[in-house]
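Grab a pencil and work through a few short exercises. Try each task yourself before you read the solution below it.

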Amino acid sequence: MFGPASRASQPPRWVRPVHTYSSMLMLLIMLFFTTTGLTLNNRQWLPESVPEQETELVLPESFATTALWQQDPLLAAGQVWQWLKAEQQLAGGEVRFDWTADEGVLFIDVKRPGGYSLAEVIPEEGSVLVTQRGFGWMAVLNDLHMGRYAGPAWSWFIDVSAAVMLLFTLTGFWLVLPMRRKRGRLLAATGLGCVLMAGLYLLILY
């Protein structure tokens with residue numbers, strides 16, 4: 001039987017289910033971020049990257065002769081990019097168009113997790129040179145861990161995951177507080193972790 005004082009010291013009823021369900025929700029996500037944290041800290045584990053691959057293509061006449069290059073070159077660039085994706089099955093990512101009107105050259109720079117593509121398009125000559133490179137599956141996972149070149153949706157996913165992890169951690173700490181027999185040892189372990197982190201940081205600085 002718990003007395004009034006004991007009941008008052010207990011966490012609210014919603015804390016335990018929130019802790020449990022948030023841990024289950026984040027199980028695989030936490031495994032992903034902890035594993036990629038290791039690979040990020042040990043980049044020497046990365047496999048050898050694939051050499052650059054170059055492909056020469058002929059720009060379709062409909063794209064080469066369109067008046068959009070004078071009227072709206074960015075619209076023309078977007079159309080060429082859609083054609084390249086269909087023609088070469090290029091993976092998307094962060095895409096940047098750079099049109100130099102004086103030289104009549106379009107550069108399509110695509111950065112994605114674990115690799116990049118660069119297309120040099122000369123509409124007047126109808127020529128396209130596509131350069132691609134991938135750094136392996138581990139580099140893909142590392143870039144996803146950092147949210148690098150993964151787009152706004154993945155960035156939101158990282159933010160939401162961090163918030164749920166924070167909720168999971170704080171509710172776990174809340175559940176520990178009423179445990180009188182174990183509380184001292186558990187809080188000591190928490191303090192030890194804080195001291196280790198602070199000590200290592202000071203060691204790096206000084």
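**Exercise 1.** Does Arg-148 count as buried, partly exposed or exposed, and what is its relative accessibility?

*Solution.* One thing to know before starting: this is a predicted model. Now take the cut-offs: buried means under 20% relative accessible area, exposed means over 50%, and partly exposed is in between. Arg-148 comes out at 39% relative accessibility, so Arg-148 counts as partly exposed. Next, look at what Arg-148 touches: its side chain meets that of Asp-143 in a salt bridge, at 3.4 Å from N to O. Run the check on Asp-143 too: its relative accessible area is 8%, so Asp-143 is buried.

**Exercise 2.** Work out the strand order of the open sheet, then find its edge strands.

*Solution.* Start with the order: the five strands run β1-β5-β4-β3-β2, with antiparallel pairing. Now pick out the strands that pair on one side only: these edge strands are β1 (53-58) and β2 (94-100). Neighbouring strands in this sheet are turned against each other by 15° on average, ignoring direction. For a look inside the sheet, go to β4 (residues 115-122) and β5 (residues 127-134), which pair in the antiparallel sense over eight bridges. To see one such pair of residues, find Ala-119, whose bridge partner in β5 is Val-130.

**Exercise 3.** Find the residues that are linked with Asp-109 in a network of salt bridges.

*Solution.* Begin with the count: searching the whole structure turns up three salt bridges. One of them joins Asp-109 to Arg-96, with the closest N and O atoms 3.9 Å apart. Asp-109 sits in strand β3 (residues 105-112) and Arg-96 in strand β2, so this pair ties together parts that are 13 residues apart in sequence. Then follow Asp-109 to Lys-111: their side chains also meet in a salt bridge, at 2.8 Å from N to O. Put the pieces together and you have a network of Arg-96, Asp-109 and Lys-111.

Now see how each member is covered. Asp-109 has 15% relative accessibility, so it counts as buried. Lys-111, at 30%, counts as partly exposed. Arg-96, at 55%, counts as exposed.

**Exercise 4.** Which residues make the nonpolar surface patch of about 450 Å²?

*Solution.* Five names go on your list: Trp-14, Phe-173, Trp-174, Leu-177 and Leu-187. Pick Trp-174 for a closer look: it lies in helix α7 (residues 151-176). A patch residue needs over 30% relative accessible area. Trp-174 has 35% relative accessibility, so it counts as partly exposed.

How values were computed. Residues numbered from 1 in each chain as written. Predicted model: local features only at pLDDT ≥ 70, side-chain atom pairs only at ≥ 80, totals over all residues. Heavy atoms only, no water. Pairing = 2+ DSSP bridges. Helix = DSSP H or I, 4+ residues; strand = E, 2+ residues; numbered from the N terminus. Axes fitted to C-alpha atoms, helices over the stretch in contact; angles between N-to-C directions. Patch = residues over 30% accessible without salt bridge, like charges linked within 9 Å, V, L, I, M, F, W, Y side chains within 5 Å. Areas by Shrake-Rupley, 256 points an atom, 1.4 Å probe, with all protein chains shown as cover. Salt bridge = Lys/Arg side-chain N within 4 Å of Asp/Glu carboxyl O. Buried < 20%, exposed > 50% of the residue type's maximum accessible area, 1.4 Å probe, protein only.
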